[in-house]
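Work through the exercises below with the sequence and the model open. Each task is followed by a solution in steps.

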Amino acid sequence: MKIELKGISHTYDVEVLTELNLILENHSSVAIIGVSGSGKSTLIRLMSGLEKPSSGEIRINDYDVNDETYRKKIGFVFQNHNLFPHLTLKQNITLVLEKTRGMEKELASETALKYLSLLHLDDQVNKLPKNVSGGQAQRASIARALSVNPDIIFLDEPTSSLDPILTHEVLTAVEELKGLGKDFIFVTHVMSFVKDFADYVIYMDQGKIVEQGPPSILDNPEHESLKEFMKKVR
Ligand code: ADP
Ligand code: MG
């Protein structure tokens, strides 16, 4: 994918992102890391077009990210699964396909089962979110994001509410998606996953991109701030 950030700043009560500039081409799996409050979620929301930056321009794959066409080409997985509680895992997907993509019932059902199966949820499809594990619910959210056949999947700390075993289960499932030809932009604190899965890493501190490069920067950080961060997350 191609990512262009031009002079991105964003302010809530105070400025949380300051003058981000970035041009990336030919990376398919970009990790955003950094301490809490460094602006990772804000950046990923801006890149997915969920929010507009206070100033600057973001283009991804040559689309303005606030363009309706772009919005249809991406999927987003949030920190906590946001499945509809009153619908089964399968219905959570068929509803989206039927309502937002105008897919007919039968194809929607087939598509939902295909993606739930890809995330190893074949025997959970008719359960409500409250009756499956947190890891299974999060995998169903990933299946739902994939079901609309997006070019890019955004994941914002998809395992932050999960224990280590479920975290491993979800991240392994994500790694298996590599062959699908999708691009990924994700935030995580699991550095082993960054090293296995990312082909580019952006390290943020206090609303700025402080260091960036291939995952090998994690083993040989240049900046003191990334060195300190790596000591804490290990
Ligand atoms: P991270 O994901 O790295 O933890 P965030 O992007 O969530 O960082 O937050 C960056 C800063 O912006 C934090 O200081 C946070 O409190 C603030 N912030 C995030 N979202 C909002 C919001 N909707 N309203 C006000 N402040 C916010
Ligand atoms: Mg966050």
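**Exercise 1. Which residue in E5 stands opposite Ile 60, and in what sense do E4 and E5 pair?**

Step 1. The residue across from Ile 60 is Tyr 63 in E5.
Step 2. E4 and E5 pair in the antiparallel sense, over 2 bridges. Two strands count as paired if DSSP finds at least two bridges between them. Strands (E, at least two residues) and helices (H or I, at least four) are DSSP runs numbered from the N terminus.
Step 3. In general, strands of a sheet pair through backbone hydrogen bonds, either parallel or antiparallel.

The model is predicted: local features need pLDDT of at least 70 and side-chain atom pairs count only at pLDDT 80 or more, while totals for chains, interfaces and linings use all residues. Residues are numbered from 1 along each chain as its sequence is written, chains are lettered from A and ligands numbered from 1 in the order in which they are written, and side-chain values use heavy atoms, with hydrogens and water left out.

**Exercise 2. Give the strand order of the open sheet that holds 4 strands, and find its edges.**

Step 1. The order is E2-E1-E4-E5, with antiparallel pairing.
Step 2. Strand E2 (15–25) and strand E5 (63–64) each have a single partner strand, so they stand at the edges and one side of each lacks a neighbour in the sheet.
Step 3. Helix H1 (residues 40–47) lies across E1, E2 and E4. Its direction is at about 125° to E1; axes are lines fitted to C-alpha atoms, for helices over the stretch in contact (heavy atoms within 4.5 Å), and angles run from 0 to 180 degrees between N-to-C directions.

**Exercise 3. Which parts does the salt bridge between Lys 6 and Glu 57 tie together?**

Step 1. The two side chains meet at 4.0 Å, N to O. A salt bridge is a side-chain nitrogen of Lys or Arg within 4 Å of a carboxyl oxygen of Asp or Glu.
Step 2. Lys 6 belongs to strand E1 (residues 2–11) and Glu 57 to strand E4 (residues 55–60), so the pair joins parts 51 residues apart in sequence.
Step 3. Lys 6 has 37% relative accessibility and counts as partly exposed; Glu 57, at 32%, is also partly exposed. The classes are buried under 20% relative accessible area, exposed over 50%, and partly exposed in between (1.4 Å probe, protein chains only).
Step 4. A network of salt bridges links Lys 6, Glu 57 and Arg 59.

**Exercise 4. The structure holds 8 salt bridges. Describe the one between Arg 139 and Glu 169, then the one between Lys 195 and Asp 219.**

Step 1. Arg 139 and Glu 169 meet at 2.7 Å, N to O. Arg 139 is in helix H5 (residues 134–147) and Glu 169 in helix H6 (residues 164–175), so parts 30 residues apart in sequence are tied together.
Step 2. Arg 139 is buried at 6% relative accessibility, whereas Glu 169 is partly exposed at 26%.
Step 3. Lys 195 and Asp 219 meet at 3.1 Å, N to O. Lys 195 sits in helix H7 (residues 191–197) and Asp 219 in the loop between strand E10 (208–213) and helix H8 (224–233), so this pair ties parts 24 residues apart in sequence.
Step 4. Lys 195 is partly exposed at 33%, and Asp 219 is partly exposed at 47%.

**Exercise 5. Where do Asn 149 and Glu 157 lie?**

Step 1. Asn 149 is in the loop between H5 and strand E7 (152–156). Although not a glycine, Asn 149 has a positive phi of about 55°.
Step 2. Glu 157 is in the loop between E7 and H6. Glu 157 is not a glycine either, and has a positive phi of about 40°.
Step 3. With 13% relative accessibility, Glu 157 counts as buried.
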